[in-house]
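Visitor: I am new here and would like a tour. Could you show me the structure and let me ask about it piece by piece?

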Amino acid sequence: MVFDLDMIKRFYESYSEKVEATRKVVNHPLTLTEKILYAHLWKKNADTAYERGNDYVDFAPDRVAMQDATAQMALLQFMQSGRAKVAVPSTVHCDHLIQAQIGAVADLTRAKSQNKEVYDFLASVSNKYGIGFWKPGAGIIHQVVLENYAFPGGMMIGTDSHTVNAGGLGTIAIGVGGADACDVMAGLPWELKFPKLIGVKLTGKISGWTSAKDIILKVAGILTVKGGTGAIVEYFGDGATSISCTGKGTICNMGAEIGATTSIFGYDVKMADYLKGTGRAQVAAEADKVSQDLTGDIEVYQNPEKYFDQVIEINLSELEPHINGPFTPDLAWPISEFAEAVKKNNWPEKMEVGLIGSCTNSSYEDITRAASVAKQATDNGLSVSSEFIITPGSEQVRYTVERDGYLKTFEEMGGVVLANACGPCIGQWARHTNEPDKKNSIVTSYNRNFAKRNDGNPNTHAFVASPELTTALAIAGRITFNPLTDYLVNDKGEKVKLEEPQGIEMPQKGFAVEDAGFQAPAEDGSQIEVIVSPDSDRLQILEPFNAWNGEDFKGLKLLIKAKGKCTTDHISMAGPWLKYRGHLDNISNNLLIGAVNFFNEKTNSVKNQITGVYGPLPETQRAYKAQGIGTVIVADENYGEGSSREHAAMEPRHLGVKAVIVKSFARIHETNLKKQGMLALTFQNKEDYDKVLGDDLIDIVGLTDFTVGKPLKVILHHKDGTTDSFPVNHTYNQQQIEWFKAGAALNIIRKEFENRNKAENATA
């Protein structure tokens, strides 16, 4: 089945014309990124050359994708928009709420029972509003999108930071919050600051134990977790065209870990092969007609320094396998240096668990490469020394690899196959352990490895590697094992050296599946009722946030001064909290419980300035809200790094926080705060962070003249009677200032549709 073929054909029919119009306006050869962005302008053909990193631009994405955890809030917001049907093709994918405990069948059965209320809500709201629904077990959103919806030159947004995975098929795919998705589904333009461009030139060719995963692990080490912020990463060169389509997807997927807006590869034979192999030969045929504009201009790649803001070059022939971590995905170690790093840093050498799959590495190629290593173990009398877990990315991949015998290979070496879902990657893992706080090491082929992310244990040292390397380490049972140089001893006492993994990009018999798990929406959903029980603890109809009262903020209290890394996992944890993603008040009970308080070096322990007593952060904030006291969150660099989850912005808004002041923001989170009517501010002088004291009363002034490009002022009233004041910057444009004044972007959308409906009724 080919989805949206007519839409794709229409896009390609005008694509080259739009590219040519862009070339005339910007007056220089074009990167692929520029071609696709300008081809998706809301105002159609380009007539302005936008300044990278400065100009806000309205775009018209081709589609929207939502996973079940974030879709709840996105669709609860959309229900308030007044529209009868989504304006662009949209889908919901049930992949986040399935907890890994025993194995695929039991876990999926339990999830369907425990989450029935949420699944029924998502299915009915999708049916009503014209949204495609992928049932629990169908697969992880990003793999399903790659297999069914992504297309070269397209543009999509998704309510998950790893939406960027679709860049592997030449799509500009960007992670957003639910409010952004709501805008696009409501037929409104989607706003983005025109990104800067980072070019990554790949030369040579990967071989042996090195894989596509190692390219992005290397790039993460170069750029760090915030080096890609505000930029799109475009890969090119002979090395890029040699990588499989799904390998490209792996690289783009982890672009989220460097803070990149998205990442992309140009259209090539590998992409065409993947489109054909996944039943979309018609899409490949249409793409072939405009293939010259589905990659950057030749002049760009010949002289990349002239056209990109930053250029990185990697020789794939020299690239080693990498292992990144622990606790951050940008701590990159070539395998030749890793064992020494383990000993030097006193990281636990024993490998407790190896986990492969996830949205990052669950392609047919990934599974076959890992299985080739697993088969060597069983063929040579080696047994797996660590717990070993496999997560297929979609039902199509799972069915096909089972048909071809690869799941049996894993099971024979002692592996456990989980449901086609996110599972341990996002903390949905009931880990088998009698020591939940034990210092230990695990290795995954996932994308993120922040503290507590996988199993809730702050002492779990999580490392990220390719599936095949993870498999080899699980066989060895120690993270210091290097399969390129080291030997293992089998059950006969013989020394065994693992051979290089062998993979197959596409199944020789083709992909197969009995039930992919897709439910098409009703043609007319007007009579379908979406029911949300007022007594539910999982779902809650949203109440609009109050508009700004027109005055400066005075006498605010400090809720927390967060120290160090503060990701969306710290602000709004996943794991067991996922079940409350559709209930704003209940999930607000996890607000910032993972953040480290600067003043006592503890998590979930802040001083209530009314009582003087330290207590849990959500309870403290609720006490302030009950007395009508506004508060401020102060934090460090790259605040809101990680997931796109807008709950991290909605929770403080719901509980009465007025502003977030930080050294720097991660892109998605800053936008989410703005969408919810929050003040997102940065220290003009980062040293002013040090001036904020625990008992301060805080004023934010200048709001009555809130203007684009004009800093606001913070005044700190210290307990000893002294004051400090300093300017704080913001990046609000005029439209975003209106969001703040209205109380949230959704309030404006709702009012616009109410006015439109009144006008239509008046003329009827």
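Visitor: Which residues touch the most other members of the largest nonpolar core?
Guide: Keep in mind that this is a predicted model. The largest nonpolar core holds 143 residues, and helix α1 (residues 5-26) gives the most to this core, with 8 residues. The members that touch the most others are L75, L202 and Y235.

Visitor: What does Y235 contact, leaving aside its neighbours within four places in sequence?
Guide: Y235 is one of the core residues just named. Its contacts include V200, I215, I216 and V219. Among the others are A240, I251, S263, I264, F265 and G266. One more contact of Y235 is a fellow member of that trio, L202.

Visitor: How many residues are in the second, separate core?
Guide: This core is separate from the one we have just visited. Its members include I571, V606, L681 and I737. The number of residues in this second core is 50.

Visitor: Is strand β14 largely enclosed or left open by the rest of the structure?
Guide: Strand β14 covers residues 351-357. A residue is called buried when its relative accessible area is under 20%. In β14, 7 of the 7 residues are buried, so the strand is largely enclosed.

Visitor: Which strand is joined to β14 by 5 bridges?
Guide: Let us look at the partners of β14 in turn. Strand β17 (residues 440-444) runs parallel to β14 and is joined to it by 4 bridges, with V353 partnered by I442. On the other pairing, G354 stands opposite F388. That parallel partner, joined by 5 bridges, is β15 (residues 387-391).

Visitor: Which helix makes a β-α-β unit with β14 and β15?
Guide: The two strands pair in parallel, and a helix belongs with them in a right-handed β-α-β unit. The helix spans residues 364-379. Its name is α16.

Visitor: Which strands stand at the edges of the open sheet that contains β2?
Guide: The sheet has 6 strands in the order β6-β5-β2-β3-β4-β21, with mixed pairing. An edge strand here has a single partner strand, so one side of it is left without a neighbour in the sheet. The edge strands are β6 (172-175) and β21 (518-519).

Visitor: What is the bridge partner of V92 in β4?
Guide: Strand β3 (residues 90-93) and strand β4 (residues 132-134) pair in the parallel sense over 3 bridges. In β4, V92 is partnered by F133.

Visitor: Which side chain makes a polar contact of 2.4 Å with that of R63?
Guide: R63 is located in strand β2 (residues 63-67). With 4% relative accessibility, R63 counts as buried. Its contacts beyond four places in sequence include V88, P89, Y149 and M155. The polar contact of 2.4 Å is with the side chain of D4.

Visitor: Which side chain makes a polar contact with that of R750?
Guide: R750 belongs to helix α26 (residues 745-763) and is buried, at 15% relative accessible area. Not counting residues up to four places away in sequence, R750 touches Q80 and P544. The polar contact, at 3.1 Å, is with the side chain of N747.

Visitor: How many disulfides does the structure hold?
Guide: A disulfide is a covalent bond between the sulfur atoms of two cysteines. The sulfur of C245 is 9.2 Å from the closest cysteine sulfur, in C252, so it is too far for a bond. For C359 the closest cysteine sulfur is in C425, at 5.6 Å, again too far. The number of disulfides is 0.

Visitor: Is L592 buried or exposed?
Guide: L592 is in the loop between α21 (584-587) and β23 (606-607), and its phi is near 60°, a positive value in a residue other than glycine. K44 also has a positive phi, near 75°, and K44 is exposed, with a relative accessible area of 51%. L592 has a relative accessible area of 0%, so L592 is buried.

Visitor: Which residues are joined by a cis peptide bond?
Guide: The place to look is the loop between β12 (322-324) and β13 (332-334), where P326 lies. Omega of the cis bond is about 5°. The residues joined are G325 and P326.

Terms used:
Residues numbered from 1 in each chain as written. Predicted model: local features only at pLDDT ≥ 70, side-chain atom pairs only at ≥ 80, totals over all residues. Heavy atoms only, no water. Buried < 20%, exposed > 50% of the residue type's maximum accessible area, 1.4 Å probe, protein only. Pairing = 2+ DSSP bridges. Right-handed = clockwise from strand over helix to strand, strands pointing away. Polar contact = N/O pair within 3.5 Å; in protein donor to acceptor, adjacent residues only side chain to side chain. Contact = heavy atoms within 4.5 Å. Disulfide = S-S within 2.5 Å. Core = buried A, V, L, I, M, F, W, Y, C linked by side-chain atoms within 4.5 Å.
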